[in-house]
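Please open the structure in your viewer and keep the selection tool at hand. The tour proceeds by stops, each with something to select.

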Amino acid sequence: MPPFAPPLQPMLSKGRDEIPRGEGWVYEPKWDGFRVIAFMSPTDEPYLCSRNGQPLQRYFPEILPMLRDSLPPDCVVDGEIIVATERGLDFDLLQMRLHPAASRVNRLALETPASVVLFDMLAEGDRDLRPEPFSARRAALRAALRSHPSIRLTPQTTDPDEAASWFERYEGAGCDGVVAKTVDQAYAPGKRVMIKIKHARTIDCVVGGYRDSKDAAVGTGIGSLLLGLHDEAGVFHFVGHTSSFTAEERREVRDRLQPLVESTGFGEGRTPGGPSRWSGGKDLSWTSVRPELVCEVSFERLQGRRFRHAARFLRWRADKDPGECDFAQLEPPREFALDEIFV
């Protein structure tokens, strides 16, 4: 049996703008999925532990037999659950799995099955591998992993130039960037000791609304700006939000928006979502404004024509016509078959 039990926090990463270079670094693709630590047992079903310690196995029943077929019955491994489609990784399909109805989960498991990419081994039998260097843990994982089409070992290189090429090429398959590790690094649960280099771009968006701040220290200020872009037909769609402001800026921006408050906002296009079973009872009400103010923001990636994460406010663009803020500003990454990554 493994020498420790779930839950266990995964080792984390901190962001950098450039790929680190020098002796002792190794590089891997950054997968856009759900982080998972899998506890294998000879007597029970595999236990899938999420990044925040919650069990995941009920949401991904199809990967349990895959893990049993490809791993020893008494180990602990670290990896990422992904859903791979012909268009690359699809994070939206992953999120759809977090549903209370088992019937829906089972249907999606058949229609869009998940797979797992593994990148670390934390225990084998009663041996705790976490204090050992990463190079030894990686070797143990490679030796233990049996061939399976849906349980894969993540690619790795020691060449920073090759990692830089992965950063550009693999984006078309849905990868999120590059992760850098040192070969002598012990596994440090919950600590940000790895390096992540993620894609970041800038784009001009139009403000279509705002949410009020819930922070008493801010008072009557915005919580976030709701951003939009125009499609090919000129329809204005909500694409995400930005909330990177100081307390003083939040009050100033709210005052600036008051003359624009009216019901038009996003009009006929996609609008910000309201309360749902995923919002945890949060107040997601918002105020619509006339779409006239343009701002430049930075973002990591677009998923289904929406920002995958919150955008970062950079500056106002008084010189930009709101009608010019469209999806055409974005040059889509070149498509890249996911299977090619594992060749």
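What percentage of the 343 residues of the protein chain count as buried? The share is 51%. Please bear in mind throughout that this is a predicted model.

**The whole chain**

Begin with the entire protein chain displayed as a cartoon. It contains six helices and 18 strands. Along the principal axes, its C-alpha atoms fill a box of roughly 65 × 50 × 40 Å. The radius of gyration is 22 Å, which agrees with the value near 20 Å that a compact globule of 343 residues would have. The chain exposes about 16,500 Å², and 49% of this area is supplied by carbon and sulfur atoms. Consider also the contacts between residues at least 6 apart in sequence: 73% of them join residues at least 24 apart.

**The largest nonpolar core**

In soluble globular proteins, nonpolar side chains tend to be buried together. Select F60, L71 and I81: within the largest nonpolar core, which has 32 residues, these three touch the most other members. Several elements give two or more residues to this core, including strand 3 (34-39), strand 5 (75-82) and strand 8 (115-124). Helix 1 (63-70) is another of these elements, and the largest share, four residues, comes from helix 1.

Now centre the view on L71. Leaving aside residues up to four places away in sequence, L71 touches M40, V77, L118, L141, L145 and R146. Another core, of 29 residues, lies apart from the one just visited; I203, V206, V253 and F313 are among its members.

**Helix 3**

Select residues 102-111, which form helix 3. Which residues of this helix are buried? They are V105, L108 and A109. Looking down the axis of helix 3, one finds its buried residues within an arc of 105°, so they line one face of the helix. These buried residues pack against helix 2 (91-96). Turn the view to the face directed away from the buried side, where the exposed residues S103, L110 and E111 are found.

**Strand 17**

Next, select residues 294-299, which make up strand 17. Why is this strand described as largely enclosed by the rest of the structure? Six of its six residues are buried, and strand 17 is therefore largely enclosed. In a regular strand the side chains alternate between the two faces of the sheet. Here V294, E296 and S298 point one way, whereas C295, V297 and F299 point the other way.

Add the neighbouring strands to the selection. Strand 13 (residues 201-212) pairs with strand 17 in the antiparallel sense, over six bridges. Within this region, I203 has V297 of strand 17 as its bridge partner. Strand 18 (residues 312-316) also runs antiparallel to strand 17, and four bridges join the two. One residue to find in strand 18 is W316, the bridge partner of C295.

**R138**

Finally, select R138, which lies in helix 4. Is R138 buried or exposed? Its relative accessibility is 8%, so R138 counts as buried, the cut-off for buried being under 20%. Show the side chains around it: not counting residues up to four places away in sequence, R138 touches E28, L153, T154, P155 and Q156. To close the tour, draw a distance line from R138 to F327. The two residues are 189 residues apart in sequence and 41 Å apart in space, C-alpha to C-alpha.

Note on methods
Residues numbered from 1 in each chain as written. Predicted model: local features only at pLDDT ≥ 70, side-chain atom pairs only at ≥ 80, totals over all residues. Heavy atoms only, no water. Buried < 20%, exposed > 50% of the residue type's maximum accessible area, 1.4 Å probe, protein only. Arc of directions from axis to C-beta. Contact = heavy atoms within 4.5 Å. Pairing = 2+ DSSP bridges. Rg over C-alpha atoms; globule rule 2.2 N^0.38 Å. Areas by Shrake-Rupley, 256 points an atom, 1.4 Å probe, with all protein chains shown as cover. Core = buried A, V, L, I, M, F, W, Y, C linked by side-chain atoms within 4.5 Å.
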